[in-house]
Amino acid sequence: VALIAAMIFAMTAGAIAVQRLYVRWNETENAEDGTIDVTFEVDDPNQTAGEFAFIQPKTPEGYIIESETKYSDTEYEIQYSGTDGTVIYYMQSGGVDSTEVGIDYEEADYQKIAVNGHEGYSYEKAGNNALIWSDGTSLFQLIGTCELNVLEEMAKK
C-alpha cells in the first residue's frame with residue numbers, strides 16, 4: 001500500500017510540475033471605437049505568474065538602441081532605430097490578468113498568431129506593424145515601421 005501511495009504521489013507531483021500558465025484572451029468588439037478590446041484571464045496552477053523578469057530582445061541587425069526605460073518593477077520599454085530610418089518599440093509589462101488592450105481593426109490587417117507557443121496577434125496598418133502576445137507572466141508588444149518579418153525574428157529570440 002505504501003508503495004502504491006508513493007507512486008501515486010510521484011505521478012501527481014510530476015503532473016503538477018509540468019503544468020504551465022494558460023492565458024485566455026477575452027475579446028470584445030468595440031464598434032464605436034473600431035477596436036477589439038482584450039482582457040486576460042490567467043490560469044496559474046504552479047503560481048508562477050508573479051515571477052516577472054525583464055527580457056531584452058536581441059537587437060536586430062541594422063538597428064541600435066535609442067532608449068531603454070524601466071518605468072516600474074514590471075514595465076519596460078526599448079526604442080530601436082534602424083539605419084534605414086525605421087523605428088521599433090518593444091514593451092513588456094507584468095500583471096497580465098489586470099491588463100486591457102485595444103487593437104484597432106479599422107482598415108487593418110490583423111490575425112491571431114502564435115509567438116513561441118503563446119497566443120497573440122499580428123497587426124499591419126498604414127506602414128505600421130505590430131506583434132502582441134503573452135506568456136501569462138508578461139504582455140509583450142513589438143511595434144514598428146519596419147517589415148513584419150523583422151518583428152517576428154525579434155519575437156523568436
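Which strand does Lys70 lie in? I looked this up at the start, and I found Lys70 in strand β3, residues 63-72. I note here that the model is predicted.

**Entry: around Lys70**

I listed the contacts of Lys70, leaving out residues up to four places away in sequence. Lys70 touches Phe54, Glu75 and Tyr76. I then took the C-alpha separation between Lys70 and Gln92. It comes to 9.6 Å, for two residues 22 places apart along the chain.

**Entry: Ser93**

I went on to Ser93, which lies in strand β5, residues 87-93. Is Ser93 buried or exposed? Its relative accessible area is 10%, so I entered Ser93 as buried; the cut-off for that class is under 20%. I then asked which residues are in contact with Ser93, beyond its neighbours within four places in sequence. I wrote down Phe52, Thr74, Glu75, Thr137, Ser138 and Leu139. Glu75 is thus in contact with Ser93, and Glu75 is also touched by Lys70.

**Entry: salt bridges**

How many salt bridges does a search of the whole structure find? I got six. Side chains of opposite charge can pair when their charged atoms come close. I looked up three of the pairs in detail, as follows.

I took Arg24 and Glu41 to begin with. Their side chains meet in a salt bridge at 3.0 Å, N to O. Arg24 lies in strand β1 (residues 22-30) and Glu41 in strand β2 (residues 35-43), so this pair ties together parts that are 17 residues apart in sequence. I checked accessibility for both. Arg24 has 30% relative accessibility and counts as partly exposed. Glu41 is partly exposed as well, with a relative accessible area of 37%. I also found that Arg24 and Glu41 are linked with Asp43 in a network of salt bridges.

Next I turned to Lys112 and Glu27. Their side chains meet in a salt bridge at 3.5 Å, N to O. Why does this pair tie together parts that are 85 residues apart in sequence? Lys112 lies in strand β7 (residues 109-115), whereas Glu27 lies in strand β1. Lys112, at 48% relative accessibility, counts as partly exposed. Glu27 is partly exposed too, with a relative accessible area of 33%.

Then I looked at Glu153 and Lys156. They form a salt bridge, with the closest N and O atoms 3.4 Å apart. Both residues are in helix α2 (residues 148-156). Being three residues apart there, they are separated by about one helical turn. Glu153 is partly exposed, with a relative accessible area of 39%. Lys156 is exposed, with a relative accessible area of 56%. The boundary for exposed is over 50%, so Glu153 and Lys156 fall in separate classes.

**Entry: the sheet with β1, β2 and β6**

In what order do the three strands of the open sheet run? I read it as β1-β2-β6, with antiparallel pairing. The edge strands are β1 and β6 (100-104), and each pairs on one side only. I noted an average twist of 30° from one strand to the next.

I then looked at how β2 and β6 are joined. Five bridges join them, and the two strands run antiparallel. I looked up the bridge partner of Thr39 in β6 and found Glu100. Strands of a sheet pair through backbone hydrogen bonds, either parallel or antiparallel.

I closed by setting the sheet beside the salt bridges. Strands β1 and β2 are both in this sheet, and the Arg24 and Glu41 pair also links β1 with β2.

Conventions
Residues are numbered from 1 along each chain as its sequence is written. This is a predicted model: local features need pLDDT of at least 70, side-chain atom pairs count only at pLDDT 80 or more; totals for chains, interfaces and linings use all residues. Side-chain values use heavy atoms; hydrogens and water are left out. Helices (H or I, at least four residues) and strands (E, at least two) are DSSP runs, numbered from the N terminus. Contact means heavy atoms within 4.5 Å. A salt bridge is a side-chain nitrogen of Lys or Arg within 4 Å of a carboxyl oxygen of Asp or Glu. Buried means under 20% relative accessible area, exposed over 50%, partly exposed in between (1.4 Å probe, protein chains only). Two strands pair if DSSP finds at least two bridges between them. Axes are lines fitted to C-alpha atoms, for helices over the stretch in contact, and angles run from 0 to 180 degrees between N-to-C directions.
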